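I am opening my notebook on a structure that I have not looked at before, and I will write down each thing as I look it up.

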Amino acid sequence: MSTSTMNPVFDKQTNVFLSVLSVISVLVIACNQLFPADSALHIPTYTVTLLGKYLCYALLAVAIDLIWGYMGILSLGHGAFFALGGYAMGMYLMRQIGERGVYGDPLLPDFMVFLNWSELPWFWHGFDMFWFAALMVVLVPGVLAFVFGWLTFRSRVTGVYLSIITQALTYALMLAFYRNEMGFGGNNGLTDFKDLLGFDLQSDATRLWLFLLSAIALGLGYIACRFIVASKLGRVSLAIRDAESRTRFIGYKVENVKLWVFTFSAMLAGIAGALYVPQVGIINPNEFSPLNSIEMVVWVALGGRATLYGAVVGAIVVNYAKTYFTGALPEVWLFALGGLFVVTTIFLPKGIAGLLKKKEARA
Amino acid sequence: MLLMLANAKLWAAAEEDFARGLELINSSKLSQVKQGVDRLIASSDPRARIYLNAMLDSNLYRHTKEKRLVMLVSRDGSKVIVADVNDASKTEELKKRRVKRVPINNRLRGDIKAYLASKDLSDESSSVRKAAVQRLLGDIGELELGLFKQRLEVETNPDVKYLLESGIALDKLANGERFEQLAAIELLGESLEPPVRNSLNQMAESGPEELQALAAKALAKIDDKVAFYAFLEKVFFGLSLGSVLVLAAIGLAITFGVMGCINMAHGELIMIGAYTTYVIQLMMPNAIGASLIVAVPAAFLVSGLVGILIERGVIQFLKGRPLETLLATFGVSLVLQQLVRSIFSPLNRSVETPEWMSGALDINPVFAITYNRLYIIFFCLAVFALLFFVLRKTVLGLQVRAVSQNRNMARAMGVRSEWVDALTFGLGSGIAGVAGVALSQLTNVGPNLGQSYIIDSFMVVVFGGVGNLWGTLVAGMSLGIANKMLEPVSGAVLAKILVLVFIILFIQKRPRGLFPQKGRAAED
Amino acid sequence: MQKMKTKIASIAAAGLLSLGASSTWAADDTIKVGILHSLSGTMAISETTLKDTMLMLIEEQNKKGGLLGKQLEPVVVDPASNWPLFAEKARELIEKEKVASVFGCWTSVSRKSVLPVFEELNSILFYPVQYEGEESSKNVFYTGAAPNTQAIPAVDYLMDEVGVKRWVLAGTDYVYPRTTNKILEAYLKDKGVAAEDIMINYTPFGHSDWQSIVSDVKKFGSAGKKTAVVSTINGDANVPFYKELGNQGISAEDIPVVAFSVGEEELAGLDTGPLVGHLAAWNYFMSVENDANEEFIDAWQTFIKDEDRVTNDPMEAHYIGFNMWVKAVEAAGTTDSEAVQEALIGISVPNLSGGYSAMMPNHHITKPVLIGEIQDDGQFQIVSQTAGLVPGDAWSDFLPGSKDVIADWRAPLSCGNYNVKTGKCSGQNYE
């Protein structure tokens, strides 16, 4: 890795990535809109939404790569930030249902009506306004990450210990959100959404917009991460990853650097979650499951760490494999997925990105 | 002469009851069987006990063609082996569909048990007599009172005697004169039996005024004792939960702590141990008790071998990249889960609990220690001690510690580090397998078994301090007790959340756990 | 650089094409039937059996000559116990595979997750598991039990036949137990049970350490009144629960436990010794004695090639649901979703407990309620059976939010949640 030379924000890979992303996005929408449904080139809206979901995962993977690949913090709890962003969006969507819920209660979401709650819990207030919900999407994961990081990084919890307590964090949140008393719908979570900013979530147009928004968010998130990586902050991060004590002795405030980058990464994950929820139509505590968070890390490892575009590739490849195998080979897909993880970690330590680089170097 | 005649008549009536009873229970209709059981009980015939006992154990069957009653001995696929009810040595093999069980429900079971309890009052064993009195204590009528008084005259065991006296006192408390009631309260104040507490409670709330205060005082004394035993019970529950955590985590403490490999497939190694128990039981269907003991070394070997395979096949290529072992072993865990699903089906498998593991050791009526939990605590300590011995006192242990502290130096001294790595991983995995044997007695044996323990295991190891066996023991036990102390106050879920938050905060205070590893190896 | 760009673009385009191109049209000579049950993950334990049941039913139907002169073709997918994946797979089945109807889901959350998809695409889902009620969708046909076809008759039995006075309502913390317990609590209070005689307890999924709770139940039950536990504890947590009951010396005669999610299949996976005498309420037991059931068991054991395999209630629900669908398609003469939905209401087919089950306008079915005691061979001794068939009630009469709500999908009402007081239809057909 060329860490010694100054990197521009828009380096070669970034340009390639951004152009590929925009070409594909335009292509997908064009194929969906221009070709009739029975044409071989037509991409059904079903597939577009699926791709939108992958893009959200990709953004999440970029967020993880930023802290893991560039700063050496292996977070096994990034699913928590993703899910919190998702819940914030879910709460807004829930409030939008209003009288169209099965009980027709103008204020309370359905699950509260059948738990016999008479009024809205305090933390649900404000979520009827989109700007507030949007703020919460970044603020809630951000604040949690800040507090958690502030405690953790100052105590110099590192390495495996850090990974395990991030896991404890998401596990505790999962258990908490499963509780019906918490007021987030318990195991069923939030579902049956109707519309977003007045646009019907079931209409094809909204779906396309959501896909496009996910693509834009991924692009912007990617650029922001590039910006950090290419800045002085990014180089200090790399130094921390490679020799934390040395960086501290030189005089850098290691804790602060870690804290800000970690918080930023959590916010990105929150945004990914918020875009994910309206596209899949449900958010539930299972998203907090520690195994999910591990899987996310695997995407990044598979794609290739400290490259950002590798994370995107990894997230999309694994999830596409999941979609494909669960349909085509339902009985053996876990063998395939598990095998994929083992093989890539042993034979492709630099992931798919490393493979591409090698090819390019040879060419 | 007249007496003899009357006796003979009675005897004839009993004989008829018995014969008619047997006819009636030879039926598929529950209502008829009930009439039959009533007849058998009325007959008071000693032979009836065999039938009634067989019914309780669900072993009494009807031969559907020949309309006779038989006793089930064992099942074997589509065949069953049955014996003559009165002569266990006369066995025959029949088709499964040839026999049907004599139906029984809870009410019948209750009736039969009450009847047998009244007979058990004069049993040879004092524990049987004690259980019989306890069973009858809840509902004392004329009949029971008579039996109690009769037995009290010959009873020698002090415990049983006291129970009989409390039974009589309970009757006095309800129906006696004032002075008898006072004496009864005095006597009952020493008892912990639930029916006694209920009666005193009733007395304290709605009895005659002068008795209320006394009854309340006696009750308070009992409640003090109950509270004390409730506390002991909580501690025991905590230790037992703790020992499960330690068992699940201790293998990880080796692979993770000593080798620095984050083994996400650890849970699946536990699962393999549990499945090994299942397979061993299948191979020894007639010796369930012994099969469990055979399963311990077997599970150690199977899980250990799988562990060595994982080490040789995956982990050895990832030296010095601990976080990447996490990813690879995560993949391995998915594969192992699906493998088990393919071989054993996704359904849970039934692992039987041997006789000596079921039931409880009754210390007193409000405090009992369940045997399975007790054995698991002992088992956990034994495994810990053995492991400690292996690591401290054997050549292998020495080499393991040497490699974990300074690999290069150890190699320079002639230790074959490759070989030690494989064996260490095998040891940790084997211990996980042994934990699986214990867990098969407590929970489901299914493909998801491992997943439910993996996170807890990591918490225990990290809380205790990576690389320190003592830390794992102390951490597991204290987390278990903390959990069980919190549970009654906060509920099971919140207790678990609080414990997790505690671990997160604790790690801030002591970033390397309870017992941090000292020395060079501790530096990253 | 330029080379690499085009390469990546071409790879991506190829991937997209394969995604799009796989949306081939259904072949005209078969009718596709979607099977949406988890084959991996936590729910695989229960759902795999239902997938096999469907495969068997479809195979048998094909042997009988198929449907409308065409062969049926099962399309199996694996939603992997992952709730968002359920929605994705449902969409795949309907949009991409063009299935005529879907049989699937087990947990409530999976059903909630796919519900908007089925409603949007106006397809048909047969849902075979007992659930909490409080739902009636135009596109879902509920062939499992609602609380009034399972929980309430069980409580009646315990109250009237066993004389239970004190109640423990123990459940896993999710919607089904929460709602069922709410309904039962209201029902018990209606019947004059005092609040202090009801203990409610919730535990997390997969709870495995039951020591404290069982000890509490024991204390609660030693107050001199006959006590029973009504268990809505979810699958996996049951084994340790019953083991702990047995070990702490609580037998079925002392404190019987009546469970709503323990069936033959769950019993096959555990040591039944400590469970003997405890109860379960279902609409079907394998031990029901009649020809139809014996035929079904034989067919199942032959199909699965295991003569010890058991049958259970959700399997019967799929049996009923599948036969209803077949009959409705034949009646409508087409697999068109709208026509079949209309034809389904009023269809009546034999169930396996010796009677007929009919699809009602609220999309729930009529069923008998059976109560059985667990035997040591993992079968049930039936101890009580409702006199007639009980129609499933979508909206409970015992919950304040839903007692005024009814469901009727026939014209002119065509509403799943019509409030008789306000005269308003909310939910799916909200105007």
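I began in chain A of this predicted model, where I looked up how helix α2 (residues 45–68) of chain A lies against helix α7 (residues 204–230) of chain A, and I found that their axes come within 9 Å and cross at roughly 20 degrees. Since angles under 35 degrees count as roughly parallel, α2(A) is therefore roughly parallel to α7(A). I noted the hand of this crossing as left-handed, and I sorted the residues of the contact of α2(A) with α7(A) into 17 nonpolar, five polar and two charged.

Next I turned to chain C and asked which residues of chain C meet chain A, and how many there are. I found 53 residues of chain C in contact with 49 residues of chain A. I then looked up where on chain C this side comes from, and wrote down α1 (2–21), β2 (71–77), α3 (83–96), α4 (108–121), α6 (175–190) and β18 (415–419) of chain C, each of which supplies at least two residues of the side that touches chain A. By class, I recorded that side of chain C as 26 nonpolar, eleven polar and 16 charged residues.

Staying with chain C, I counted its elements and noted twelve helices and 19 strands. I then looked up the radius of gyration of chain C, which is 23 Å and close to the 22 Å that the globule rule gives for 431 residues, so I wrote chain C down as being as compact as a globular protein of that length. For its extent, I noted that the C-alpha atoms of chain C fill a box of roughly 80 × 55 × 45 Å along the principal axes. Buried residues make up 61% of the 431 residues in chain C, and I also recorded that, among contacts in chain C between residues at least 6 apart in sequence, 67% join residues at least 24 apart.

At what angle do helix α11 (residues 313–332) and helix α12 (residues 337–344) of chain C pack? I found an angle of about 110 degrees, with the axes of the two helices 8 Å apart. Because 65 to 115 degrees counts as roughly perpendicular, α11(C) and α12(C) are roughly perpendicular to each other, and I entered their crossing as right-handed. On the α11(C) side I listed M324(C), A328(C), V329(C), A331(C) and A332(C), which meet A339(C), V340(C), A343(C) and L344(C) in α12(C). This contact has nine nonpolar, no polar and no charged residues.

I then picked out single residues, starting with R109(B), which I placed in helix α4 (residues 106–120) of chain B. Is R109(B) buried or exposed? With 21 other C-beta atoms within 10 Å, R109(B) is buried. Leaving aside its neighbours within four places in sequence, I found R109(B) in contact with L56(B), I104(B), E253(C) and G277(C). The C-alpha atoms of R109(B) and L56(B) are separated by 6.3 Å, although these residues are 53 apart along the chain.

My last entry concerns N293(C), which lies in helix α10 (residues 291–304) of chain C. N293(C) is buried, with 20 other C-beta atoms within 10 Å, and 20 or more is what counts as buried. Apart from neighbours within four places in sequence, N293(C) is in contact with V288(C) and L352(C). I also looked up G372(C), 79 residues from N293(C) along the chain, and found their C-alpha atoms separated by 17 Å.

Note on methods
Residues are numbered from 1 along each chain as its sequence is written. Chains are lettered from A and ligands numbered from 1 in the order in which they are written. This is a predicted model: local features need pLDDT of at least 70, side-chain atom pairs count only at pLDDT 80 or more; totals for chains, interfaces and linings use all residues. Two residues are in contact if their C-beta atoms, placed from the backbone, lie within 7 Å. Helices (H or I, at least four residues) and strands (E, at least two) are DSSP runs, numbered from the N terminus. Ala, Val, Leu, Ile, Met, Phe, Trp, Tyr, Cys and Pro count as nonpolar, Asp, Glu, Lys and Arg as charged, and the others, Gly among them, as polar. The radius of gyration is taken over C-alpha atoms; the globule rule is 2.2 Å times the number of residues to the power 0.38. A residue is buried if 20 or more other C-beta atoms lie within 10 Å of its own, exposed if 12 or fewer, and partly exposed in between; C-beta atoms are placed from the backbone. Axes are lines fitted to C-alpha atoms, for helices over the stretch in contact, and angles run from 0 to 180 degrees between N-to-C directions. Angles under 35 degrees count as roughly parallel, over 145 as roughly antiparallel, 65 to 115 as roughly perpendicular and the rest as oblique. A crossing is left-handed if the near helix is turned anticlockwise from the far one by less than a right angle, and right-handed if clockwise.
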